[in-house]
Amino acid sequence: MYVKQLAKLMGVTADTVRHYTRIGLLHPIRSEENGYQEYTKQDQQRLKFIISSRQLGFSLKDIQHIIGESEQGNCPCPLTRKLITKRLEETEALFQETLKLRNRMHAALAQWDTSADGANASDVCSLIESFVDPINDSANKEQRNDD
């Protein structure tokens with residue numbers, strides 16, 4: 001099958017298939033008749049694996065390492081566990097930062113609820129200029145109390 005056929009079958013764009021081919025994750029056969037790249041059932045299975053891996057948060061570099069382990073005849077499961085543990089830690093840290101941002105946004109809305117538009121803007125926007133970050137404010141208070 002050709003690029004567009006594989007892409008449609010697997011629910012990705014043709015550009016995605018081409019990119020995975022360029023970086024060596026897929027290995028189509030070049031047709032001698034027309035020069036087009038033809039993808040096999042093995043490429044379809046590999047693309048399914050890549051899509052599943054991406055859905056689990058693995059980077060393309062991670063996927064290359066996992067596939068490399070397998071192609072060298074090694075079981076990639078220990079590496080896979082190690083990599084997903086690392087990705088989970090990164091995701092957890094990002095999630096915590098996103099929660100802090102969400103809390104700041106809620107605090108901003110609460111603080112700005114009674115503020116008039118354009119009141120006392122010294123530079124650009126008085127709402128932002130007057131915002132007191134409850135996260136940093138409480139951290140600063142704790143640090144002063146420790147001193």
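**Entry 1: ground rules.** Helices here are DSSP runs of H or I with at least four residues, strands are runs of E with at least two, and both are numbered from the N terminus. I am looking at a predicted model, where local features need pLDDT of at least 70 and side-chain atom pairs count only at pLDDT 80 or more, while totals for chains, interfaces and linings use all residues. Residues are numbered from 1 along each chain as its sequence is written, and side-chain values use heavy atoms, with hydrogens and water left out.

**Entry 2: the whole protein.** I counted seven helices and two strands. Reading from the N terminus, I get the order α-α-β-β-α-α-α-α-α. Next I checked burial (buried is under 20% relative accessible area, exposed is over 50%, partly exposed is in between, with a 1.4 Å probe and protein chains only). Of the 147 residues, 23% come out as buried. The protein exposes about 10900 Å², and carbon and sulfur atoms supply 53% of that. Those areas come from the Shrake-Rupley method with a 1.4 Å probe, and for residues only the protein chains shown count as cover. I also looked at contacts, meaning heavy atoms within 4.5 Å. Among those between residues at least 6 apart in sequence, 42% join residues at least 24 apart.

**Entry 3: helix α3.** I started at the front end of α3, where T40 has a side-chain oxygen within 3.3 Å of the backbone nitrogen of Q42. That fits the polar contact rule: N or O atoms within 3.5 Å, and within protein one able to donate a hydrogen and the other to accept it, with residues adjacent in sequence counting only if both atoms are side-chain atoms. Then I checked the length of α3, using an expected span of 1.5 Å times one less than the number of residues. The helix covers residues 41–55, and its 15 residues should span 21 Å; the end C-alpha atoms are 21 Å apart, so the two agree. Which residues of α3 are buried? I listed D43, Q44, R46, L47, I50, I51 and S53. Their cover includes α1, α2 (14–22), β2 and α4. After α3 comes G57, which has a positive phi, near 95°.

**Entry 4: V17.** I picked V17, which sits in helix α2. Is V17 buried or exposed? Its relative accessibility is 0%, so V17 counts as buried. Leaving out neighbours within four places in sequence, I found V17 in contact with V3, L6, A7, V12, L26, Y39 and L47. I had already met L47 on the list of buried residues of α3. D43 is on that list too, and its C-alpha atom is 9.9 Å from that of V17, although the two are 26 residues apart along the chain.

**Entry 5: D62 and helix α5.** D62 belongs to helix α4 (residues 60–71). With 4% relative accessibility, D62 is buried. What does D62 touch, not counting residues up to four places away in sequence? I found L83 and R87. Both turn up among the buried residues of α5, along with A107 and A108. I ran the length check on α5 as well: its 36 residues should span 52 Å, and the end C-alpha atoms are 51 Å apart, which agrees.

**Entry 6: aromatic pairs.** How many aromatic pairs are there in the whole structure? My search gave two. Rings of Phe, Tyr and Trp (its six-membered ring) pair if their centres lie within 6.5 Å; planes under 30 degrees apart are stacked, over 60 edge-to-face, and the rest tilted. Y2 and Y36 have ring centres 5.6 Å apart and planes at 85°, so I wrote down edge-to-face. Y2 is in the segment before α1 (3–10) and Y36 in the loop between β1 (29–30) and β2 (37–38), so this pair, 34 residues apart, links distant parts of the chain. Y2 is partly exposed, at 32%.

W112 and F131 are also edge-to-face, at 6.4 Å centre to centre and 70° between the planes. W112 is in α5 (residues 77–112), and F131 is 19 residues away in the loop between α6 (126–130) and α7 (134–146). Both are partly exposed: W112 at 25%, F131 at 23%.

**Entry 7: cysteines.** I looked for disulfides (cysteine sulfur atoms within 2.5 Å) and counted zero. C75 is in none, and the nearest cysteine sulfur, that of C77, is 3.6 Å away. C75 is exposed at 51%, whereas C77 is partly exposed at 40%.
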